[in-house]
Amino acid sequence: MTEPSVAVWVYAVGVDLDGPWLAGATGVDGESLRVVSVSGLAALVGSVDSGRFGAEGLRRRLDDLDQLEGIARRHHAAIALIAAHRPVAPARLATLYADDDRVRTAVRRHRDEFLAALRNVAGRLEWGVKAYSTGSEPDQPTPSAPTSGTAYLRQRQALLSARNSSWQRVVESAHAVHDRLSEIAVEAREHRPQDPNLSGDRRSMILNGAYLVDNEHAEEFATAVATLADEHPELAVELTGPWPAYSFAVVDDEQ
Amino acid sequence: MTIEPRASSSAPVGVGSHEPANLGDILERVLDRGVVIVGDIRISLLDIELLTVKLRLLIASVDTARELGIDWWEHDPWLTSSARKSLPPGRGHDPALEADPDD
């Protein structure tokens with residue numbers, strides 16, 4: 001079986017997505033973004049080269065971190081563009097179909113879930129809050145050379161327990177931050193902390209939270225983040241967003 | 001060349017308008033969240049899942065998280081080898097995954 005020369009890449013699903021914002025907008029393959037409508041829903045898509053973005057080409061591309069970065073950023077940019085104007089459910093990277101009809105079939109099959117997801121994110125956006133340990137715990141004084149095995153063990157014990165309780169305090173602070181922000185948010189999720197290789201930050205990430213916030217409460221949310229950062233000098237708190245509601249518009253037929 | 005997210009000036013709320021998002025933030029969102037609908041290019045979907053596993057391992061080293069007293073990933077089948085073994089054949093058995101540690 002030979003692949004067709006074009007495949008359809010899905011960026012997001014929403015309602016009534018067509019508008020002036022699509023003029024000149026491009027996607028992962030430099031292609032023009034367009035809208036496929038079905039059953040009151042709309043998918044933001046682009047026609048990509050199926051050689052470059054078919055199974056084999058895509059695999060090669062995504063295995064290369066530089067190419068993956070470009071594709072991920074362009075995929076995100078297309079979603080962010082539309083999310084500035086409409087509630088959308090972002091599609092996971094590399095959701096590809098043979099043609100528009102196949103997109104329609106897939107969207108129609110999950111129509112109710114999409115509508116529920118879109119209702120949930122309407123008028124709301126996602127904010128990210130990450131907290132790192134500032135390592136503000138005082139450095140341990142260099143222990144004097146232990147005079148005996150017992151003295152060494154005691155020093156070691158003291159060092160470990162100081163470290164433990166200090167970690168515990170930092171983790172508790174992060175929980176407090178998350179709890180406070182969850183009160184302002186409509187929904188909240190704690191994601192896995194990012195590895196320093198990915199975050200580009202050598203400090204230990206303790207909180208990687210996502211918060212779905214009503215747009216009219218966005219300012220209150222940002223103020224709360226700043227206040228919490230002041231209250232918790234043991235944490236470096238970072239606010240990102242607003243994001244399209246990646247963490248909250250969930251439709252899953254993986255199984 | 002990369003395209004940074006830019007909100008249109010007419011946007012009521014500028015999505016991603018604060019500053020260029022960092023790669024980690026974008027990757028974890030586009031690979032690990034959002035809508036999963038099964039596409040036509042099944043083989044690439046499987047590849048993506050494997051790639052996602054690699055990136056998940058990169059996103060949080062289990063030891064680091066455990067050290068921090070954070071354990072919610074324990075419920076994530078992709079991150080526990082015992083759970084991975086219970087997956088149907090053909091999934092989670094990518095030899096590259098074991099042999100090719102992320103740098």
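Q: In this predicted model, how many of the nine residues of strand E3 (residues 41-49) of chain A are buried?
A: The model is predicted. Strand E3 of chain A is largely enclosed by the rest of the structure. That follows because the buried residues in E3(A) number seven of the nine.

Q: Which residue of E3(A) stands opposite Val8(A)?
A: Strand E1 (residues 6-14) of chain A pairs with E3(A) over eight bridges. The sense of this pairing is antiparallel. Opposite Val8(A), in E3(A), stands Ser47(A).

Q: Which residue of E3(A) stands opposite Val35(A)?
A: Strand E2 (residues 34-38) of chain A also pairs with E3(A). The two run antiparallel, over five bridges. Opposite Val35(A), in E3(A), stands Leu44(A).

Q: Which residue in the hairpin of E2(A) and E3(A) takes a positive phi?
A: This hairpin has two residues between the strands. The positive phi is near 50°. The residue that takes it is Ser39(A).

Q: Is Asp16(A) buried or exposed?
A: Asp16(A) lies in the loop between E1 and E2 of chain A. Its phi is positive, about 55°, although it is not a glycine. A residue counts as exposed at 12 or fewer other C-beta atoms within 10 Å. Asp16(A) has 12, so it is exposed.

Q: Is Ala94(A) buried or exposed?
A: Ala94(A) is in the loop between strand E4 (88-90) and strand E5 (96-97) of chain A. It is not a glycine, yet its phi is positive at about 70°. The cut-off for a buried residue is 20 or more other C-beta atoms within 10 Å. Ala94(A) has 27 C-beta neighbours inside 10 Å, so it counts as buried.

Q: Which helix gives the largest share of the largest nonpolar core?
A: The largest nonpolar core has 78 residues. Trp9(A), Val13(A) and Tyr211(A) have the most contacts inside it. The largest share of this core is nine residues, and it comes from helix H3 (residues 65-83) of chain A.

Q: Which residue of chain B is in contact with Val13(A)?
A: Set aside the neighbours of Val13(A) within four places in sequence. Its contacts in chain A then include Leu41(A), Ala43(A), Val88(A) and Phe114(A). From chain B, the contact is Val35(B).

Q: What are the edge strands of the open sheet E7-E8-E6-E9 (chain A)?
A: Four strands form this sheet, and the pairing is antiparallel. Each edge strand pairs on one side only. The twist averages 20° from one strand to the next. The edge strands of chain A are E7 and E9.

Q: What is the bridge partner of Gly128(A) in E9(A)?
A: E6(A) and E9(A) run antiparallel. Seven bridges join them. In E9(A), the partner of Gly128(A) is Thr240(A).

Q: Is Trp127(A) buried or exposed?
A: Trp127(A) has its place in strand E6 of chain A. Beyond four places in sequence, its contacts include Tyr211(A), Phe221(A) and Pro242(A). It has 23 C-beta neighbours inside 10 Å, so Trp127(A) counts as buried.

Q: What separates the C-alpha atoms of Trp127(A) and Tyr246(A)?
A: Along the chain, Trp127(A) and Tyr246(A) are 119 residues apart. In space, their C-alpha atoms are separated by 10.0 Å.

Q: What is the omega of the peptide bond from Gly241(A) to Pro242(A)?
A: Pro242(A) is found in strand E9 of chain A. The peptide bond that leads to it from Gly241(A) is cis. Its omega is near 5°.

Q: How far apart are the end C-alpha atoms of helix H6 (residues 149-184) of chain A?
A: This helix has 36 residues. At 1.5 Å a residue, it should span 52 Å. The model agrees, with the end C-alpha atoms 53 Å apart.

Q: At what angle does H6(A) run to E8(A)?
A: Buried residues of H6(A) include Val170(A), Ala174(A), Val177(A) and Leu181(A). The buried residues of this helix pack against E6, E7, E8, H8 and E9 of chain A. H6(A) lies across E6, E7, E8 and E9 of chain A. To E8(A), H6(A) runs at about 5°.

Q: What is the radius of gyration of chain A?
A: Chain A has eight helices and nine strands. For its 255 residues the globule rule gives 18 Å. The chain is more spread out than a compact globule, because its radius of gyration is well over that, at 24 Å.

Terms used: Residues numbered from 1 in each chain as written. Chains lettered and ligands numbered in written order. Predicted model: local features only at pLDDT ≥ 70, side-chain atom pairs only at ≥ 80, totals over all residues. Rg over C-alpha atoms; globule rule 2.2 N^0.38 Å. Expected span 1.5 Å × (residues − 1). Contact = placed C-beta atoms within 7 Å. Core = buried A, V, L, I, M, F, W, Y, C linked by C-beta atoms within 7 Å. Pairing = 2+ DSSP bridges. Axes fitted to C-alpha atoms, helices over the stretch in contact; angles between N-to-C directions.
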